[in-house]
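User: I would like to learn how to read the contacts in a model of protein with DNA. Please take me through them one feature at a time.

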Number of protein chains: 2
Amino acid sequence: MKLSDGVEWALHCCTVLALVPPEYALPAAKLAEFHGVPAAYLAKHLQALARAGIVVSLPGAKGGYKLSRPAAEITLLDVVLAVEGATPAFRCTEIRQRGPASLPAKEYGLPCSITRAMGRAEQAWRESLRSETIADLLTALSHDINPRAAMKAATWMQEALA
Amino acid sequence: MKLSDGVEWALHCCTVLALVPPEYALPAAKLAEFHGVPAAYLAKHLQALARAGIVVSLPGAKGGYKLSRPAAEITLLDVVLAVEGATPAFRCTEIRQRGPASLPAKEYGLPCSITRAMGRAEQAWRESLRSETIADLLTALSHDINPRAAMKAATWMQEALA
DNA sequence: GTCCCTATACTCGGATAGCAAGTGTCCGAGTATAGGCGG
DNA sequence: CCGCCTATACTCGGACACTTGCTATCCGAGTATAGGGAC
């Protein structure tokens, strides 16, 4: 089981976008430069965020991406599902309906107990992600960021938005 | 994000093995036949379970697999980690240490807040899986299995162990 | 009748191809801006 | 000096190669069994 790298990138991008003044937008190329990742590939994931309504994209000069709503209203789950897709990690293939001890499909009502248990675990995962927002990331970040790093990031953004 | 099919197969196999009398063992080929899955590929995952100490393998005639300990002492997490590997789904690549606003690696102490949040979610997932055992699956199964299916399975196992 | 030996058939185990999804990249469509021109 | 028009440069968006890891398979090593023979 592996989560796409895009999830990490998207979350970092959301925290950066949350720091951009509302009247500005930040292009994908700048976000890629800031994080040191391939711009073209990051764009792919930003498009996913746009499709999910988490960010809005503005075309043309001085365009770019910005958050569609306050950071406190964007949960980590929103971002993860947007990038990774909403299909659950565990997919029951109903192998109980195959093999010599199986019955016609009509006879099976509930999902099997394994599927239900795996579903509960995945639900717990989603619940944890739903309980935290981009705003929470920012407050946590503000507590343990190196002041010099914060300064460098601030000056960089000044230039990027100019 | 996708969980290997082997997880589903392994869990089903464990429930079946839990029903095998302790003095018997069930070969991989029989388990594959019962579930209608490719035998050679299922064997690969059973080997993973054996490496993790969840099942024991007995070579030679009348050999096969059996559970290494009571079903109540095997958690779903044990099985999932054995098949899927213990590496977490979310891997932080420390992109905060790249790009123009980064500092020397030495300056970064804690993992970033994103990594911590994702870790908490994954912890919740693992905790949920850890709280349930193969024995729990069996009791749930006994409640909602079709009696005819149970009968067919029982007679099949009689033959398989003969 | 009992014990031992041998040959057999069955088991697991790791090493080997094939394929799908994630990874990385590119170029084209569309738009707000900026500058120049005319009034 | 102000407004309009045009050309430009910049943005996103979807379509195209490549690599990693999951899927699927095979054959070889090892062992408990079962049968036959000797005592």
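Analyst: The turns below go through the DNA surfaces, the aromatic pairs and the salt bridges. This is a predicted model, in which local features need pLDDT of at least 70 and side-chain atom pairs count only at pLDDT 80 or more, while totals for chains, interfaces and linings use all residues. Residues are numbered from 1 along each chain as its sequence is written, chains are lettered from A and ligands numbered from 1 in the order in which they are written, and side-chain values use heavy atoms, with hydrogens and water left out.

User: Which residues are closest to DNA strand C?

Analyst: A residue is near a strand if one of its heavy atoms lies within 4 Å of it. For DNA strand C, 19 residues meet that test, and the closest are A:Lys2, A:Ser4, B:Arg51, B:Ser57 and B:Gly60. On the DNA side, sugar and phosphate make up 59% of the strand C atoms that come within 4 Å of the protein.

User: Which atoms of A:Lys2, A:Ser4 and B:Arg51 approach the phosphate oxygens of DNA strand C?

Analyst: A polar contact is a pair of N or O atoms within 3.5 Å; within protein, one must be able to donate a hydrogen and the other to accept it, and residues adjacent in sequence count only if both atoms are side-chain atoms. A:Lys2 places a polar side-chain atom 3.0 Å from a phosphate oxygen of DNA strand C. For A:Ser4, a side-chain N or O atom is 2.7 Å from a phosphate oxygen of the strand. B:Arg51 has a polar side-chain atom 3.0 Å from a phosphate oxygen of DNA strand C.

User: Which elements give two or more residues to the surface near DNA strand C?

Analyst: Helices (H or I, at least four residues) and strands (E, at least two) are DSSP runs, numbered from the N terminus. In chain A the elements are helix 1 (5-18) and helix 3 (39-51), and in chain B they are helix 3 (39-51) and strand 2 (64-67). By residue class, the surface near DNA strand C has eight nonpolar, six polar and five charged residues. Here Ala, Val, Leu, Ile, Met, Phe, Trp, Tyr, Cys and Pro count as nonpolar, Asp, Glu, Lys and Arg as charged, and the others, Gly among them, as polar.

User: What does the surface near DNA strand D consist of?

Analyst: It divides into nine nonpolar, six polar and four charged residues. DNA strand D is surrounded by 19 residues, the closest being A:Ser57, A:Gly60, A:Tyr65, B:Ser4 and B:Tyr41. Of the strand D atoms within 4 Å of the protein, 65% belong to sugar or phosphate and the rest to bases. Helix 3 of chain B gives the most to this surface, with three residues.

User: Where do phosphate oxygens of DNA strand D meet A:Ala28, A:Ser57 and B:Lys2?

Analyst: At A:Ala28 the partner is a polar backbone atom, 3.1 Å from a phosphate oxygen of DNA strand D. A:Ser57 uses a polar side-chain atom at 2.8 Å, and B:Lys2 a side-chain N or O atom at 3.1 Å.

User: How many aromatic pairs does the structure hold?

Analyst: A pair of aromatic rings is described by the distance of the centres and the angle of the planes. Rings of Phe, Tyr and Trp (its six-membered ring) pair if their centres lie within 6.5 Å; planes under 30 degrees apart count as stacked, over 60 as edge-to-face and the rest as tilted. There are four pairs over all chains. One of them joins A:Phe34 and A:Trp156, tilted, at 4.8 Å centre to centre with 50° between the planes. A:Phe34 lies in helix 2 (residues 28-35) of chain A and A:Trp156 in helix 7 (residues 147-161) of chain A, 122 residues apart.

User: Are A:Phe34 and A:Trp156 buried or exposed?

Analyst: Buried means under 20% relative accessible area, exposed over 50%, and partly exposed in between (1.4 Å probe, protein chains only). Both A:Phe34 and A:Trp156 are buried. In chain B, the ring centres of B:Phe34 and B:Trp156 are 4.8 Å apart and the planes stand at 50°, so this pair is tilted. B:Phe34 and B:Trp156 are also buried.

User: How many salt bridges are there over all chains?

Analyst: Side chains of opposite charge can pair when their charged atoms come close. A salt bridge is a side-chain nitrogen of Lys or Arg within 4 Å of a carboxyl oxygen of Asp or Glu. The structure has 17 over all chains. One of them links A:Glu122 and A:Arg126, with the closest N and O atoms 3.8 Å apart. These two are four residues apart in helix 5 (residues 113-130) of chain A, so about one helical turn separates them. A:Glu122 is buried, at 7% relative accessible area.

User: Which residue does B:Lys2 meet in a salt bridge?

Analyst: B:Lys2 meets B:Asp5, at 3.8 Å from N to O. B:Lys2 is partly exposed at 46% relative accessibility, and B:Asp5 is partly exposed at 32%.
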